[in-house]
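Colleague: Could we go through this structure together? I should like to begin with how the helices meet.

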Amino acid sequence: MSEVTSPLLPHDKAAAYIGRTARALYCLNDRRQGPPSFRLGGRRMYRLAALDAWLAEHEARDSRANPVLDPTRQAPEPRQPRRRQPLAA
């Protein structure tokens with residue numbers, strides 16, 4: 001990836017920065033799930049710090065990156081003994 005020199009990125013470069021296509025980033029924004037953006041001269045722009053924060057937030061929610069959320073690291077729940085049904089007379 002090329003070195004980023006500006007703290008602001010246009011939509012296509014922001015999409016490449018987070019590893020998504022421009023169309024996928026538009027869809028995320030339409031669903032209000034994407035990184036925060038704003039209009040500047042008719043173009044959708046993103047702050048580099050906001051992209052980094054958005055990525056860190058999603059990384060923290062992923063169980064593969066956050067051991068606290070990993071279900072394989074938690075103790076298994078104790079099994080409840082089965083209750084036998086009485087035999088019909």
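Colleague: Which residues of H1 meet which residues of H3?

Modeller: Ala14, Tyr17 and Ile18 in H1 meet Leu48, Leu51, Asp52, Trp54 and Leu55 in H3, where contact means heavy atoms within 4.5 Å. By character, the residues of this contact divide into seven nonpolar, no polar and one charged. Ala, Val, Leu, Ile, Met, Phe, Trp, Tyr, Cys and Pro count as nonpolar, Asp, Glu, Lys and Arg as charged, and the others, Gly among them, as polar.

Colleague: Before we go on, what sort of model is this?

Modeller: It is a predicted model, in which local features need pLDDT of at least 70 and side-chain atom pairs count only at pLDDT 80 or more, while totals for chains, interfaces and linings use all residues. Residues are numbered from 1 along each chain as its sequence is written, and side-chain values use heavy atoms, with hydrogens and water left out.

Colleague: At what angle do H1 and H3 pack?

Modeller: The angle is about 35°, and the axes are 11 Å apart. Axes are lines fitted to C-alpha atoms, for helices over the stretch in contact, and angles run from 0 to 180 degrees between N-to-C directions.

Colleague: What is the overall order of elements?

Modeller: Along the sequence the pattern is β-α-α-β-β-α, with three helices and three strands. Helices (H or I, at least four residues) and strands (E, at least two) are DSSP runs, numbered from the N terminus.

Colleague: Back to H1, then. Which of its residues are buried?

Modeller: His11, Ala14, Ala15 and Ile18 are buried; that means under 20% relative accessible area, with exposed over 50% and partly exposed in between (1.4 Å probe, protein chains only). These residues lie on the same side of H1 because they cover an arc of only 100° around the axis, the arc being that of the directions from the helix axis to the C-beta atoms. The face turned away from that side carries the exposed residues Lys13 and Ala16.

Colleague: And what covers the buried residues of H1?

Modeller: The cover includes strand S1 (8-10), H2, strand S3 (43-47) and H3.

Colleague: Which residues are buried in H2?

Modeller: In H2 they are Leu25, Leu28 and Asn29. Seen down the axis, they fall within an arc of 95°, so they line one face of the helix. Arg23 and Asp30 are exposed on the other side of H2.

Colleague: Asn29 catches my eye. What does Asn29 touch?

Modeller: Not counting residues up to four places away in sequence, Asn29 touches His11, Gly34, Pro35, Ser37, Arg44 and Tyr46. Its relative accessible area is 10%.

Colleague: Which residues make up the largest nonpolar core?

Modeller: There are ten: Leu9, Ala14, Ala15, Ile18, Leu25, Leu28, Tyr46, Leu48, Leu51 and Trp54. Helix H1 (11-18), helix H2 (22-30) and helix H3 (48-61) each give two or more residues to this core. A nonpolar core is a set of buried Ala, Val, Leu, Ile, Met, Phe, Trp, Tyr and Cys residues joined through side-chain atoms within 4.5 Å.

Colleague: One last residue: is Leu55 buried or partly exposed?

Modeller: Leu55 is partly exposed, with a relative accessible area of 31%. Leaving aside neighbours within four places in sequence, Leu55 is in contact with Tyr17 and Ile18.
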